[in-house]
Structures are given as structure tokens and as C-alpha cells.
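Dear colleague,

Please find the structure below, handed over for your own inspection. My findings follow it.

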Amino acid sequence: MKRSQTVRMQVQRVVLNSRPGKNGAPVPEHFRLEQVTLTPDLKDGEVLVRTLYLSVDPYMRCRMNEDTGAEYLTPWQLSECVDGGGVGVVESSRCSSCIVGDVVTSFNWPWQTCAVITGSGLQKLDPQLVDGHLSYFLGAVGMPGLTAMLGVREKGHVTKGAKQTMVVSGAAGACGSIAGQIGRLEGCVRVVGICGSDEKCKALVEDLGFSAAINYRHEDVPARLKESCPDGIDVYFDNVGGAISDSVIAQMNKGGHVILCGQISQYNKDVPYPPPLSEEIQENLRSKNITRERFMVLNYMDKTDAALWELSQWVKSAQIKVLETVVNGIENMGVAFCSMMTGGNIGKQIIKISE
Ligand SMILES: NC(=O)c1ccc[n+]([C@@H]2O[C@H](COP(=O)([O-])OP(=O)(O)OC[C@H]3O[C@@H](n4cnc5c(N)ncnc54)[C@H](OP(=O)(O)O)[C@@H]3O)[C@@H](O)[C@H]2O)c1
């Protein structure tokens with residue numbers, strides 16, 4: 001008599017070890033690597049996926065808190081597998097929409113080397129869109145690219161021929177590096193980036209075509225803004241909030257537009273989102289009739305497919321250049337996340353899990 005054999009696989013996963021506390025910075029020790037045994041006996045509708053690339057993103061800081069402060073974000077649970085954006089390949093399938101070899105993605109990909117996932121929660125990807133650079137699906141041709149493109153288009157009021165000046169904070173990061181390039185492509189005559197190192201400033205100007213870049217850690221931001229934006233600032237893509245954003249807003253022109261994308265400088269503080277502005281800055285916005293609307297990429301899902309296609313064409317034609325910082329190995333997820341939160345990345349922070 002033939003006995004059916006149950007195949008067992010040893011896989012690695014990352015779980016949440018502890019929480020930083022609402023006013024604390026995350027450290028790698030908040031995460032823990034575990035070995036687990038996977039028995040990939042698939043049920044109907046399930047697929048076995050092998051993880052290729054994982055993403056670490058600033059919003060994950062909120063998921064480390066027991067209360068994320070946002071109704072669309074669920075908290076990560078202690079001792080449970082952490083999840084986020086990921087790309088992988090289907091190894092076996094009992095789901096009619098996925099076949100072996102498909103490249104797939106999800107916003108809720110487990111931080112696990114291989115996993116059994118419900119196939120209906122996966123989106124199929126076309127590797128040709130990124131000329132085989134599958135990690136781009138987590139960056140320039142993924143959620144951060146969409147955020148940059150749709151943020152500029154929906155809230156930036158960039159108009160060809162209007163000779164606008166755009167400033168981008170967090171400019172050398174995943175969203176910021178794309179947002180500045182889109183600002184230029186959409187018609188801004190001057191795009192100035194603010195970021196945290198000279199190396200990043202150099203990359204912005206020499207590789208990505210920014211007009212100027214300011215290192216906020218070592219330079220006088222208001223003085224450098226005056227110098228590099230002689231006609232004032234019309235559009236501000238705000239990734240960071242806090243003192244940097246106050247300096248930018250103070251130099252904005254009448255009728256300008258702030259794209260309120262993120263406020264990373266405040267994410268380790270127990271403040272509501274968006275964090276309250278000082279009375280002075282609020283008055284500045286009011287008196288100059290500057291819009292500052294919150295932008296949420298999740299609210300534009302109907303525009304995703306067209307926008308991703310457009311981004312892919314811009315990347316293929318090198319009109320948009322892509323910067324990435326790639327770290328290898330699932331054991332480095334926590335390190336990579338904390339590094340990204342403190343500026344260790346140029347461009348999108350990617351973790352490569354397998355070939
Ligand atoms: N609204 C949406 O739908 C949406 C979607 C995606 C992302 N976002 C937001 O967009 C922003 C950028 O996200 P991303 O994924 O592109 O991350 P990222 O820019 O690739 O990485 C985060 C960067 O933030 C900078 N940073 C960290 N602490 C800072 C501080 N105190 N002051 C100034 N800069 C600081 C660091 O660069 P430096 O070296 O320059 O400090 C770091 O590299 C975040 O605020 C995020 O929450 C919003």
C-alpha cells in the first residue's frame with residue numbers, strides 16, 4: 001500500500017518581539033527571527049509562495065503600536081509574523097487564478113521565506129513592466145511610485161508653463177526621489193530636495209536631475225531655501241513635517257500647494273496624524289491661501305493600474321531614474337527597517353530574501 005508523504009519545510013520568519021512604546025524609536029530587537037516548520041498541504045484556494053523581496057515602510061512604525069492611530073492600519077501582534085509589502089513567486093498552487101511560476105505581490109506579505117497564502121489576496125505582476133527588476137514593484141513601480149505620482153497630480157496643481165518651483169522633503173527616499181522627478185517631468189522649472197546627507201544631495205542633483213539639494217543636518221535650511229528658490233516655493237511635497245516643513249511653508253508663495261504625504265519626523269511621538277501645526281504656520285497658510293490637503297494613496301485605487309503602467313514606461317525610458325538600497329536576508333528585516341527610519345537608505349529600502 002502506498003502511503004501519502006507529508007512534505008515538511010523549514011522556513012524562517014520574523015515576529016514582533018516587543019513594542020517600542022508610543023514615544024520610542026524602533027530598534028532591531030523589537031523583531032525576532034524564528035524557524036518554523038511549514039507543511040505545505042494546500043487547501044483549495046491556497047498557494048505556496050517563495051518570497052523574493054520584502055519592503056520596509058514608514059507606516060509600519062504605527063503598526064508596532066498597540067493602537068495604530070489609523071483605522072486602515074491593523075497593529076502587528078506580539079509573537080506573530082509581521083507583514084507588509086512583498087513580491088514572490090508561486091511554487092505550487094490550488095488556486096485557479098495562480099499558476100506555478102507566477103510573480104505575485106501583496107500589501108500583507110508575511111515576513112517569511114516561504115508561506116502558504118490565500119491566492120485571492122495576491123495580485124499578479126508582469127515582470128516585463130520592470131524589465132525583470134522585480135524589486136521595482138515595491139518602489140518606483142509600486143506603492144511609493146504611485147504615492148509620488150498621484151500625490152503630485154491630485155494635490156500638487158503642477159501646471160506646464162506656470163514656471164513653478166517645487167520643494168520635496170525626504171527627497172532621497174522612495175517617494176521623494178520619484179516625486180521630485182515627476183515634478184520636473186510635469187513642468188516645474190525648479191525642483192529642490194531636502195535630505196539628510198551630502199551623499200544623498202549629490203545623488204539628487206547629479207543622478208536624478210534636481211536643481212539643488214539641501215542637507216538639513218548640516219545646512220541652514222531657511223537660508224539655503226532662499227538661495228535655491230529665488231522665486232519662492234509654489235509646490236511642497238511634504239514627507240517629513242516638523243521644523244523642516246515649517247521652514248518651507250514660511251517661504252511659500254501665495255496660492256501655493258502643500259502635498260501632505262507624510263510626517264516621518266513625528267512618527268516616534270505620541271501625536272495624532274497629521275500632527276498639529278503651530279498657530280504661526282496655520283496663519284501663514286491662511287493668509288497666503290495655501291492648500292494643505294492630506295493625501296492617501298489608498299484612496300486612489302481606481303487609478304492604480306494606469307499610473308503603474310505610466311511609471312513603468314518612464315522608468316524604462318530612463319526619464320525616471322530609480323535608486324534602491326538593497327539588504328540581503330530575512331534576518332536583516334529589523335535592521336533594515338530601523339535603518340530606513342533613520343535615513344540609512346538612498347531610494348527605496350529593499351530586502352532581498354531569495355533569488
Ligand atoms: N500618504 C501616503 O499614501 C503615503 C504612502 C507612502 C509613504 N508615505 C509617507 O511618505 C514618507 C516617505 O516614505 P518612504 O516610504 O518614501 O520612506 P523613505 O523616504 O524611503 O525613508 C524614510 C526617510 O525619512 C527620512 N527621515 C527619517 N527621520 C527623519 C526626520 N526626523 N526628519 C527628516 N527626515 C527624516 C530619512 O531620510 P533623511 O536621510 O533625508 O533623513 C529616511 O531615509 C513617509 O512620511 C511616509 O509615511 C505616505
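The domain bounds used here come from an automatic or database domain assignment. On that basis the protein chain is divided into domain 1 (9–139 + 323–352) and domain 2 (143–298). Their C-alpha centres lie 29 Å apart. The contact between them takes 17 residues from domain 1 and 20 residues from domain 2, where two residues are in contact if their C-beta atoms, placed from the backbone, lie within 7 Å. The side of domain 1 that touches domain 2 has 6 nonpolar, 8 polar and 3 charged residues. In this classification Ala, Val, Leu, Ile, Met, Phe, Trp, Tyr, Cys and Pro count as nonpolar, Asp, Glu, Lys and Arg as charged, and the others, Gly among them, as polar.

Please note that this is a predicted model: local features need pLDDT of at least 70, side-chain atom pairs count only at pLDDT 80 or more, and totals for chains, interfaces and linings use all residues. Residues are numbered from 1 along each chain as its sequence is written.

Turning to the ligand, 31 residues surround it, a residue being near if its C-beta atom, placed from the backbone, lies within 6 Å of the molecule. The closest are G173, A174, G196, G262 and G343. Two or more residues of this shell come from each of α2 (143–155), α3 (174–185) and α9 (333–341); helices (H or I, at least four residues) and strands (E, at least two) are DSSP runs, numbered from the N terminus. By class, the shell has 16 nonpolar, 13 polar and 2 charged residues. Because domain 1 and domain 2 both give residues to the shell, the ligand lies between them.

The helix that gives the most to the shell is α3, with 3 residues. Its 12 residues reach 17 Å from the first C-alpha to the last, close to the 16 Å expected at 1.5 Å a residue, that span being 1.5 Å times one less than the number of residues. Since 11 of the 12 residues of α3 are buried, the helix is largely enclosed by the rest of the structure. A residue is buried if 20 or more other C-beta atoms lie within 10 Å of its own, exposed if 12 or fewer, and partly exposed in between. The cover over the buried residues of α3 includes α2, β8 (165–169), β9 (190–195), β11 (233–238) and β15 (348–352). After α3 comes G187, whose phi is positive, near 125 degrees.

With kind regards
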